[in-house]
Amino acid sequence: MSSPKEPRDLSSKHQLLSLVEANPFISQQDLADQLGLSRSAVAGHLAQLTKEGRILGRAYVLPQRQPIVCLGGTNLDRKLRGLGELQMGSSNPARQHESPGGVARNIAENLARLGLPVHFLTAVGRDAAGQALLAQLQALGVDCAGCLQAADAPTGSYTAVLDPRGELLIALADMALTDRLDPMFLRQTAPHRAAARWVVADLNLSRQTLDELRAEARVRGQSLLLVAVSEPKMAHLGEDLRGVELLVLNRGELQALTGRKLGSESALRAAWRQLREAGLKRLVMSDGARGLRFSEGDEFATMAPPELDPRSVREVTGAGDAMTAGIAAALHRDPDDLRAACALGLKLAALTLQSDATVSEALSPALLAPPV
């Protein structure tokens with residue numbers, strides 16, 4: 001027999017849901033006491049909310065609070081910007097700036113600054129740089145449990161040489177530690193990805209690691225977003241793209257992946273069809289000052305970037321990672337609206353272009369607020 005105090009209408013169900021949202025670890029007995037219900041009645045309502053997908057079981061994880069897991073490279077970024085036109089084979093006066101870097105790491109920081117729950121899995125050295133990189137993310141609320149900390153290798157580094165306008169001329173990367181993010185590491189850290197709604201991984205990972213991630217995504221029904229890091233590393237992806245929800249890359253990387261010259265609209269559409277036939281569900285291609293292209297059914301739609309005063313642009317490093325983070329953040333909220341996700345991605349990229357830092361400190365949860 002149901003208790004007369006049992007919630008029978010929508011407002012009562014919302015009251016129970018509000019208590020769970022305020023404290024996902026609240027016990028059934030505490031819920032019963034606060035609502036004036038029997039424990040069995042609370043258990044029934046929780047079971048119904050779980051069935052409806054409004055909570056996700058113990059500890060009553062709400063869908064919007066499922067973590068985004070980022071997996072891939074971490075390094076210390078060193079940027080040297082010439083003060084005048086650079087002369088090869090000669091010493092050039094420059095200004096130096098150091099900041100945390102690495103594609104997956106940058107994406108994790110962008111997401112954290114947007115107020116989203118983030119779990120980051122990477123490899124660093126047990127040196128001052130590695131400990132500082134993890135501490136900086138943890139201070140922003142990123143969960144770094146499960147990260148590999150090597151005693152026998154230094155933390156990765158990325159050194160970029162920029163011209164006076166902030167355009168990249170050459171970059172040197174030491175990312176050897178990322179090779180230790182192998183299938184065994186994946187198996188050891190599998191529990192850290194179990195609750196994820198989205199897994200975001202960069203193509204610094206090996207072919208074998210990416211194969212296992214794709215298989216894991218298919219088994220768990222998770223959304224896997226892969227982001228390219230360079231043209232040579234497109235070979236890490238392989239030909240079977242089943243299990244990849246979204247691939248983010250640039251025009252050169254798309255050309256390297258498909259083996260096609262992409263000088264025409266028909267070639268771009270053909271490249272998208274080729275990848276879709278290989279199992280890829282969706283595709284985003286950044287296209288520099290022209291904005292980006294994204295898959296929309298059979299088409300490869302275009303989206304222009306926000307207009308910027310050229311004088312406000314500081315440098316390009318990190319803009320692509322910010323774009324990917326914006327896309328992931330929007331899809332975490334609405335997985336079906338890739339167009340809106342691309343718009344947010346371009347907005348975050350524009351903010352980063354106007355910052356000296358690899359991740360703009362202007363990012364905040366307010367950027368995810370729906371338009372009024």
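1. Contact here means heavy atoms within 4.5 Å. On that footing, 67% of the contacts in the protein chain with a separation of 6 or more come from residues 24 or more positions apart. The structure is a predicted model, and the points below should be read with that in mind.

2. As for overall content, the protein chain has twelve helices and 14 strands, and of its 372 residues 49% count as buried.

3. Eight strands make up an open sheet with mixed pairing, and their order across the sheet is 4-1-9-10-11-12-13-14. The edges are taken by strand 4 (118-121) and strand 14 (299-303), each of which pairs on one side only. From one strand to the next, the twist of this sheet averages 20 degrees. Helix 10 (residues 265-277) packs on the sheet, where it touches strand 11 (246-250), strand 12 (282-286), strand 13 (292-296) and strand 14, and the direction of helix 10 makes about 120 degrees with that of strand 14.

4. Within the eight-stranded sheet, strand 9 deserves a closer look through its pairing. Strand 9 (residues 198-202) and strand 10 (residues 223-227) run parallel and are joined by five bridges, while strand 1 (residues 68-71) also runs parallel to strand 9 and is joined to it by four bridges. Ala201 stands opposite Leu226 in strand 10, and in strand 9 that residue, Ala201, also stands opposite Leu71. The bridge partner of Val200 in strand 10 is Leu225.

5. Is strand 9 buried or exposed? Five of its five residues are buried, so strand 9 is largely enclosed by the rest of the structure. The burial involves both faces of the strand, with Trp198, Val200 and Asp202 buried on one side and Val199 and Ala201 buried on the other. Asp202 thus appears in the buried set on the side that also holds Trp198 and Val200.

6. A further open sheet is formed by four strands in the order 3-2-7-8, again with mixed pairing. Strand 3 (94-101) and strand 8 (168-174) stand at its edges, and because each has a single partner strand, one side of each is left without a neighbour in the sheet. The twist here averages 15 degrees from one strand to the next. Strand 2 (residues 75-82) is joined to strand 3 by eight bridges, and the two run antiparallel; Leu76 stands opposite Pro100 in strand 3.

7. Turning to helix packing, two packed helices are described by the angle between their axes and the distance between the axes. Helix 4 (residues 103-113) and helix 11 (residues 319-333) pack at an angle of about 50 degrees, and their axes are 8 Å apart. That angle makes helix 4 oblique to helix 11, and the crossing of the two helices is right-handed.

8. Which residues make the contact between helix 4 and helix 11? Helix 4 contributes Val103, Asn106, Ile107, Asn110 and Leu111, whereas helix 11 contributes Asp321, Ala322, Thr324, Ala325, Ala328 and Ala329. By class, the residues of this contact divide into seven nonpolar, three polar and one charged.

Terms used:
Residues numbered from 1 in each chain as written. Predicted model: local features only at pLDDT ≥ 70, side-chain atom pairs only at ≥ 80, totals over all residues. Heavy atoms only, no water. Pairing = 2+ DSSP bridges. Axes fitted to C-alpha atoms, helices over the stretch in contact; angles between N-to-C directions. Parallel < 35°, antiparallel > 145°, perpendicular 65-115°, else oblique. Left-handed = near helix turned anticlockwise from the far one by under 90°. Nonpolar A, V, L, I, M, F, W, Y, C, P; charged D, E, K, R; others polar. Buried < 20%, exposed > 50% of the residue type's maximum accessible area, 1.4 Å probe, protein only.
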